[in-house]
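Welcome! Below is a short guided walk through a structure that may be new to you. Please keep the view open while you read, so that each stop can be found on screen.

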Amino acid sequence: MHEASIAIEIIKAAESAVADRPGFRASRIVLRAGPLSGVDPASLRFAFEILAKEAPVVSGAELEIRDAQVSTSCRACGSGPFEGFRESCPSCRSPFLTVQGADDLVLETLEGDVEGGSGR
Amino acid sequence: MVEIRIAQKLRRANDEIAAENRSLFSKLGLLVVNVMGSPGSGKTSMLEAIARTGAGLRIAVIEGDLETARDAVRIEKAGMKAVQITTGRACHLDAGMVKQGLEALDLEGLDALVVENVGNLVCPAGFDLGESLRILVSSVAEGDDKAAKYPPMFARADVLVVNKIDLLPHVDFDMERFERDAKAARHDVEIFRISCKTGQGVEDVARRMRDARKAGNTK
């Protein structure tokens, strides 16, 4: 539902990350999204593709959306993190758990080259 | 090829304002409740019914809707202070809108601030407002498949209110199935069955809010 505003945030973050590299053109952008981040990958790619046309730094870049790793820790006995969602602590059976990563939405990396240069 | 690490959280703007809201609320010792649910599930009716119980809580309400101040008028008639936010076309409230709404409210002397979100079972789930308690109002008239079909919303609800139970004899609603699906989305959700029409169960929701206020329930 809000993929356009997220796409704008990605573009702005990418632009400011390469502000000190004039001529940089991104070819790939990697995003990490959790299962509860509320992001629909197809809508986000579509919004990004359209909006990126106005932004030379990211125009034409591929947007890769990776699943975030979800883990659960126990608030009662402190054990964990355990992989994935849990209903109760595998060690002490407590239902009081903290979930990490489920609503993550993180812009991880930009890949690309400086136009007219080797980039290195 | 150059790889640049960014590692930047997105939707940071909303989260930052939500954190500001939350620290203001906790300084004031104010319980802030985000009330969410479909249009017509009975969010406003539940608040009216809570006011009728003489909840022992001084409550103000921020009302979010696309158009009209009808809900704010209903809330004020029920004896609570209200601020209406009309979102135009936006389908949810965000932390910035709540912050703006606060300017029109005197928070001193209040026990609880209720933010009644825009009626919607999808979008409000993604926006932290700075609240300390999330109540999702669902009604038996909507059907018993909603928890299975809209899990992100149910995963974020601390409290699930099943409203309009006075209609149970007239609708095909399998309570067991609904509650099982709701618990699959969030296993520790607290479920209250109520009827705003008859008042059944409303006092239990009011008590839950009083307990949260006493506990200084902050996320």
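What follows is a tour of helices, strands, the contact between chains and a group of aromatic rings. Please bear in mind from the start that this is a predicted model.

## A helix with two sides

Let us begin with helix α1 of chain A, residues 3-17. With 15 residues at 1.5 Å a residue, this helix should span 21 Å, and its end C-alpha atoms are indeed 21 Å apart, so expectation and model agree. Which residues of α1(A) are buried? They are E3(A), I6(A), A7(A), I10(A), I11(A), A13(A) and A14(A). Viewed down the axis of α1(A), these buried residues fall within an arc of 165°, so they line one face of the helix. Turn to the other side of α1(A) and you will find K12(A) and S16(A), which are exposed.

What do the buried residues of α1(A) pack against? In chain A their partners are β1 (24-33), α2, β2 (62-67) and β6 (105-114), and β1 (2-9) of chain B joins them.

One residue of α2 is worth a closer look. L51(A) sits in helix α2 of chain A, which covers residues 41-52. Its relative accessible area is 30%, so L51(A) counts as partly exposed. Setting aside neighbours within four places in sequence, L51(A) is in contact with A4(A), A7(A), I8(A) and I11(A). A longer step leads from L51(A) to L105(A): they are 54 residues apart along the chain, and their C-alpha atoms are separated by 19 Å.

## Strands that meet across the chains

Next comes strand β6(A). Eight of its ten residues are buried, so β6(A) is largely enclosed by the rest of the structure. Within chain A, nine bridges join β6(A) to β1(A), and the two strands run antiparallel. In this pairing, R28(A) stands opposite E111(A) of β6(A).

Strand β6(A) also pairs with β1(B), again in the antiparallel sense, over six bridges. Here V106(A) stands opposite K9(B) in β1(B).

How much area do chain A and chain B bury between them? The value is about 2,400 Å², with 57% of it on carbon and sulfur atoms. Of the area that chain A buries against chain B, H2(A), E9(A) and L36(A) supply 20%, more than any other three residues. The contact takes 31 residues from chain A and 20 residues from chain B.

## A small open sheet in chain A

Chain A also holds an open sheet of three strands, in the order β4-β3-β5, with antiparallel pairing. The edges are β4 (82-83) and β5 (97-100); each has a single partner strand, so one side of each is left without a neighbour in the sheet. Strand β3(A), residues 71-74, is joined to β4(A) by two bridges. One place to look is T72(A), whose bridge partner in β4(A) is F82(A).

## A helix in chain B

Moving over to chain B, find helix α4, residues 95-103, where A95(B), M97(B), V98(B), G101(B) and L102(B) are buried. Down the axis of α4(B), the buried residues fall within an arc of 160°, so they line one face of this helix. On the other side of α4(B), Q100(B) and E103(B) are exposed. The elements that cover the buried residues of α4(B) include α1 (12-28), β3 (59-65), β4 (81-86) and β5 (112-116) of chain B.

## Aromatic rings in chain B

Our last stop is about rings. A pair of aromatic rings is described by how far apart the centres are and by the angle of the planes. How many aromatic pairs does a search of the whole structure find? Over all chains it finds two, and they are set out here.

| Pair | Arrangement | Centre to centre | Between the planes |
|---|---|---|---|
| F154(B) and F178(B) | edge-to-face | 5.9 Å | 85° |
| F173(B) and F178(B) | tilted | 5.2 Å | 50° |

F154(B) lies in helix α6 (residues 151-155) of chain B and F178(B) in helix α7 (residues 175-185) of chain B, so their pair ties together parts 24 residues apart in sequence. Are these rings' residues buried or exposed? F154(B) is buried, with a relative accessible area of 2%, and F178(B) is buried, with 0%. F173(B) is buried too, its relative accessible area being 11%. Together, F154(B), F173(B) and F178(B) form one aromatic cluster.

Key
Residues are numbered from 1 along each chain as its sequence is written. Chains are lettered from A and ligands numbered from 1 in the order in which they are written. This is a predicted model: local features need pLDDT of at least 70, side-chain atom pairs count only at pLDDT 80 or more; totals for chains, interfaces and linings use all residues. Side-chain values use heavy atoms; hydrogens and water are left out. Rings of Phe, Tyr and Trp (its six-membered ring) pair if their centres lie within 6.5 Å; planes under 30 degrees apart count as stacked, over 60 as edge-to-face and the rest as tilted. Helices (H or I, at least four residues) and strands (E, at least two) are DSSP runs, numbered from the N terminus. Buried means under 20% relative accessible area, exposed over 50%, partly exposed in between (1.4 Å probe, protein chains only). Contact means heavy atoms within 4.5 Å. The expected span of a helix is 1.5 Å times one less than its number of residues. The arc is that of the directions from the helix axis to the C-beta atoms. Two strands pair if DSSP finds at least two bridges between them. Buried area is the accessible area (1.4 Å probe) that two parts lose on being put together, summed over both.
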